[in-house]
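Student: I should like to work through this structure step by step. Could we begin with the strands and then turn to the metal site and the loops?

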Amino acid sequence: RGEMVFVGVRGVWAVLWCVLVLAARVDATPRGSLAPVTHRRLANDESAKATGGDAKGSWSEWRYRSNEELASAMDALHAGPCAGISKLTTIGTSVRGVEMRAMEVSTQPGVEQTKPGIMLVGNMHGDEPVGRELILRFARLLCIAHERRQRSAGGDDAGERGLELEKDPSDEASANLLDEAAVVASHARVFLVPTMNPDGFSARRRNNAASVDLNRDFPDQFNEPGMPARFDARQPETAAMMRFSEGVNATAALNFHEGALVANYPYDAISGTNRKAGYSKSPDDAAFRRLAKVYARAHPTMATAANEEFPEGITNGARWYPLWGGMQDWHYIKTQTMDVTVEVNERKWPDESRLARLWNEHAPAMIAYATAVATQSTTGRVTDSATGEPVRGAVLAVAGVDGVRFTPSRRTGYYARFLAPGRHEVTASAPGYYPQTRTADAGARLDISLRRMEDVRMEDVRMEDVRM
Ligand SMILES: [Zn+2]
């Protein structure tokens with residue numbers, strides 16, 4: 001049965017891949033020859049790059065791009081298929097001065113939106129390069145899927161890029177995957193960091209140029225109480241990632257590694273000094289298990305008996321082997337980001353001839369994960385009942401999920417949180433306001449308006465408003 005699933009997914013991706021290759025050919029033709037496209041172009045777009053840099057060749061080739069090629073591929077996406085729905089940011093520089101870049105794909109790039117955020121981080125370990133290509137191609141898939149949907153929604157000039165696919169109406173599965181990618185592009189903000197360790201990549205070495213393992217360089221919840229940032233004590237790559245993540249506060253993340261085939265969830269670290277492996281449960285353990293399974297089950301072999309070491313395709317980090325100072329735990333505790341570490345291949349730095357297959361295997365899992373976060377997170381706004389404005393100092397708490405920071409956006413009052421399946425009691429509170437507890441199913445929309453204490457006479461206060 002596992003074999004059949006495998007062949008099925010491969011077949012679907014072979015067809016989808018043809019569509020993307022054909023789409024690349026459309027990208028390569030001058031913009032003027034296409035039906036009018038109503039993009040909100042960014043001021044700094046350079047249209048010339050759309051026709052030059054994004055030629056079919058660079059995407060049909062399967063190889064590890066150099067740092068320079070990676071940067072120009074991001075430029076080409078930004079000016080080509082992702083024009084108007086992407087923003088490029090320099091988040092910092094490596095020890096050797098290589099620029100570290102992030103790309104946002106969303107319908108209003110660079111603008112805070114009331115949508116879940118999803119972050120993808122690759123190549124934290126220099127000798128684990130597959131994530132660079134997965135993330136780059138994932139960005140491209142989102143953009144092509146988004147444009148395809150825009151065009152088919154546009155009526156008369158529907159087609160162009162979508163046409164090749166629609167010629168074969170029997171292929172519903174690949175159409176569904178493109179549809180899901182389009183949903184992610186429109187329902188989430190996606191932040192892509194293809195490489196966190198460009199120097200390590202160039203040297204084909206795990207550590208950065210200062211010989212530090214970046215996945216041991218983040219604040220550690222057990223040995224650094226309160227996890228102070230202390231940016232000056234971190235490697236420049238770690239500090240850059242931390243600053244970027246703190247600004248984004250993504251709902252969930254994936255970070256890609258190599259050396260096994262498994263979706264690894266928090267905690268990676270474990271308390272105590274014996275350094276022995278053991279299950280280190282986070283308050284959101286059930287939600288993390290669900291998220292990790294979404295990824296593993298959408299991969300053709302990760303969650304099957306073929307995976308001898310991890311038959312379910314998932315593991316608690318510390319249970320496998322504990323580590324301290326990793327990004328995953330820090331993301332979860334400090335930026336409210338549910339980060340899952342994906343080990344994409346048993347061997348590190350697989351031969352380039354394996355890249356097409358790795359993309360075919362992981363793209364459906366990446367889409368499934370992103371779709372779950374984009375459409376099944378519990379979301380809402382916490383607002384002042386009198387003004388409708390965000391409430392200063394508001395915090396949220398989920399019953400049974402204790403001790404985790406959970407706050408809505410200060411600017412919009414919006415929150416998004418991926419919860420375990422089932423019903424949850426969510427309490428919103430803020431200084432000077434009556435706390436309010438509401439019950440909602442995981443994935444539901446839950447807006448909470450809080451009443452200021454001076455605005456309320458005591459006889460108006462119902463018990464449910466003051467229940468903690
Ligand atoms: Zn690694």
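Student: In the predicted model, in what order do the 3 strands of the open sheet stand?

Tutor: The model is a predicted one. The sheet is open and is built from 3 strands, whose pairing is antiparallel. Their order is β10-β12-β13.

Student: Which strands stand at the edges of this sheet?

Tutor: A strand with a single partner has one side left without a neighbour in the sheet. This applies to the strand of residues 395-398 and to that of residues 436-441, so the edge strands are β10 and β13.

Student: By how many degrees are neighbouring strands of this sheet turned against each other on average?

Tutor: The figure describes neighbouring strands of this sheet, with direction ignored. On average, the turn is 25 degrees.

Student: How many bridges join β12 to β13, and how many pair β10 with β12?

Tutor: Strand β12 covers residues 423-429 and runs antiparallel to β13. Among the bridge partners across this pair are His424 with Ala440, and Thr427 with Thr437. On the other pairing, which is also antiparallel, Leu396 has Ala428 in β12 as its bridge partner. The counts are 6 bridges for β12 with β13 and 4 for β10 with β12.

Student: Which residue in the turn between β12 and β13 has a positive phi?

Tutor: The two strands form a hairpin, with 6 residues between them. In that turn, a phi of about 85 degrees belongs to Gly432.

Student: How many residues of β12 are buried?

Tutor: Strand β12 has 7 residues and is mostly covered. The number buried is 5.

Student: Which residues supply the protein donors of the zinc ion?

Tutor: The donor atoms lie 2.0 to 2.6 Å from the zinc ion. Two of them are ND1 atoms of histidines, and Glu128 is listed twice through OE. Along the chain the donors follow the spacing H-x2-E-x128-H. The residues are therefore His125, Glu128 and His257.

Student: Why is the arrangement of the 4 donor atoms around the zinc ion irregular?

Tutor: A tetrahedral arrangement would require all angles to lie between 85 and 135 degrees. The donor atoms here subtend angles that reach beyond those limits, which makes the arrangement irregular: they run from 54 to 151 degrees.

Student: Are the zinc donors His125 and Glu128 buried or exposed?

Tutor: A residue counts as buried under 20% relative accessible area. His125 has 3% relative accessibility, and Glu128 has a relative accessible area of 2%. Both values fall under the cut-off, so His125 is buried and Glu128 is buried.

Student: Where does Asn123 lie, and is it buried or exposed?

Tutor: Asn123 is in the loop between β3 (117-121) and α5 (130-153). Its phi is near 60 degrees, a positive value in a residue other than glycine. With 0% relative accessibility, Asn123 counts as buried.

Student: What is the relative accessible area of Asn249?

Tutor: Asn249 is not a glycine, yet it has a positive phi of about 45 degrees. Asn249 lies in the loop between α9 and β5. Asn249 is partly exposed because its relative accessible area is 38%.

Student: Is Thr251, which lies in the loop between α9 and β5, buried or exposed?

Tutor: The loop runs between α9 (236-248) and β5 (252-257). Leaving out residues up to four places away in sequence, Thr251 touches residues including Pro116, Gln336, Val373 and Phe418. Its relative accessibility is 5%, so Thr251 counts as buried.

Student: Which residues are joined by a cis peptide bond?

Tutor: The omega angle of this bond is about -5 degrees. One of the two residues lies in the loop between β6 (260-265) and α10 (285-298). The bond joins Pro266 and Tyr267.

Student: How far apart in space are Arg445 and Arg381?

Tutor: Arg445 lies in the loop between β13 and β14 (448-450), and counts as partly exposed at 48% relative accessibility. Beyond its neighbours within four places in sequence, Arg445 is in contact with Thr379, Gly380, Arg381 and Tyr414. Arg445 and Arg381 are 64 residues apart in sequence, while their C-alpha to C-alpha distance is 8.9 Å.

Student: Finally, what share of the residues of the protein chain counts as buried?

Tutor: The secondary structure of the chain comes to 14 helices and 14 strands. Of its 468 residues, the buried share is 56%.

Definitions and conventions
Residues are numbered from 1 along each chain as its sequence is written. This is a predicted model: local features need pLDDT of at least 70, side-chain atom pairs count only at pLDDT 80 or more; totals for chains, interfaces and linings use all residues. Side-chain values use heavy atoms; hydrogens and water are left out. Two strands pair if DSSP finds at least two bridges between them. Axes are lines fitted to C-alpha atoms, for helices over the stretch in contact, and angles run from 0 to 180 degrees between N-to-C directions. Donors are N, O and S atoms within 2.8 Å of the metal (3.2 Å for Na, K and Ca); water is not among the atoms, so sites may look incomplete. Four donors count as tetrahedral if all angles lie between 85 and 135 degrees; four count as square planar and six as octahedral if opposite donors are over 155 degrees apart and all others between 65 and 115; anything else is irregular. Buried means under 20% relative accessible area, exposed over 50%, partly exposed in between (1.4 Å probe, protein chains only). Contact means heavy atoms within 4.5 Å.
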